[in-house]
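Open your viewer and get ready to select residues as we go. We will make a few stops and look around at each one.

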Amino acid sequence: MCCVITCADIEIAPMLGLAHKDVLVLRLAGPFVNAEAVALVERTIKKHRLCLVLVLGHGRCDSLRLREKGPQDALDRRVAAMRTHVGRIKQTLAQRLVETQHELILASSRTLHTRTQRDLLRVVPGVLNERTGAMAWQHRKAQQLPLSPVK
C-alpha cells in the first residue's frame, strides 16, 4: 500500500498502475497538507506498515490559479505567497508547492520524520504532467544524498 497526497482533480491509482484498494488517496486543495491529513498518514503507517507517501501536484491545478474577481480567499493568499518565492528560485509553482508540502509533512510529524531517518518510509514529492502521465520527481539526485556510514 502507498499513500498519495494530491489535489481533487487527479485520478491517481490508474496512473500508478495500482488497484484503488492499494492506494490511500488524500485529495486536498492544492495539495495543501493539514494536521488531519498527517494524522491519517500516521494511522495508516501503524495499521498497514505504510512505507511510501507521494506528494503530487500538477501545473494545471485550479487550486494554484488566483481568482480574478472578488476578495482573496485562503487559497489565493497561500498561492500569492508562494509566487513571490518561486520567481527567485526558478521553479514552477507546482514544483515549489510539492517540495514545501513535503517539508511540512516531515516537520509536523515525529513519526514520519523518524521513519524517514531510519529509511522505513519514503516521502517523495512529484509533479504530474497531465497530458503524458509522466511524473517528475522533485527529490535530490542519489549522488547528492548523504551516504550512510559503512560498518
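## A tour, starting at a loop

Select Asp119 to begin: you will find this residue in the loop between α5 (110–117) and β4 (122–128). Keep in mind on the way that this is a predicted model. Check the backbone here, because most residues other than glycine have a negative phi. Asp119 goes against that habit, with a positive phi near 60°. Is Asp119 buried or exposed, or partly exposed? With a relative accessible area of 48%, Asp119 is partly exposed, since exposed would require over 50%.

**Next stop: Arg49.** Move to the loop between α2 (35–48) and β3, where Arg49 sits. Arg49 is another residue other than glycine with a positive phi, here near 55°. Its relative accessibility is 71%, so Arg49 counts as exposed.

**Now select strand β1, residues 2–6.** How many residues of strand β1 are buried? Five of the five are, so the strand is largely enclosed by the rest of the structure. Turn on the side chains and look along the strand. Cys2, Val4 and Thr6 point one way, while Cys3 and Ile5 point the other way. Residues on both sides are buried.

**Add the partners of β1.** Select strand β2, residues 23–27, together with β1: the two pair in the parallel sense over five bridges. To find your place in this pairing, pick Cys2 and look across to Val23 in β2, which stands opposite. Then add strand β3, residues 52–58, which runs parallel to β1 and is joined to it by three bridges. What is the bridge partner of Cys3 in β3? Pick Val53 and you have it.

**Last stop: the cysteines.** You have already met Cys2 and Cys3 in β1. Now select Cys7, which counts as buried because its relative accessibility is 1%. Cys51 makes a good contrast: at 43% relative accessibility, it counts as partly exposed. A disulfide is a covalent bond between the sulfur atoms of two cysteines. How many disulfides does the structure hold? The count is zero. Cys51 shows this well, as it is in no disulfide and the nearest cysteine sulfur, that of Cys2, is 8.6 Å away. To be counted as a disulfide, the two sulfur atoms would have to lie within 2.5 Å, so this pair does not qualify. Try drawing the distance between the sulfur atoms of Cys51 and Cys2 in your viewer to see the gap of 8.6 Å for yourself.

Notes
Residues are numbered from 1 along each chain as its sequence is written. This is a predicted model: local features need pLDDT of at least 70, side-chain atom pairs count only at pLDDT 80 or more; totals for chains, interfaces and linings use all residues. Side-chain values use heavy atoms; hydrogens and water are left out. Buried means under 20% relative accessible area, exposed over 50%, partly exposed in between (1.4 Å probe, protein chains only). Helices (H or I, at least four residues) and strands (E, at least two) are DSSP runs, numbered from the N terminus. Two strands pair if DSSP finds at least two bridges between them.
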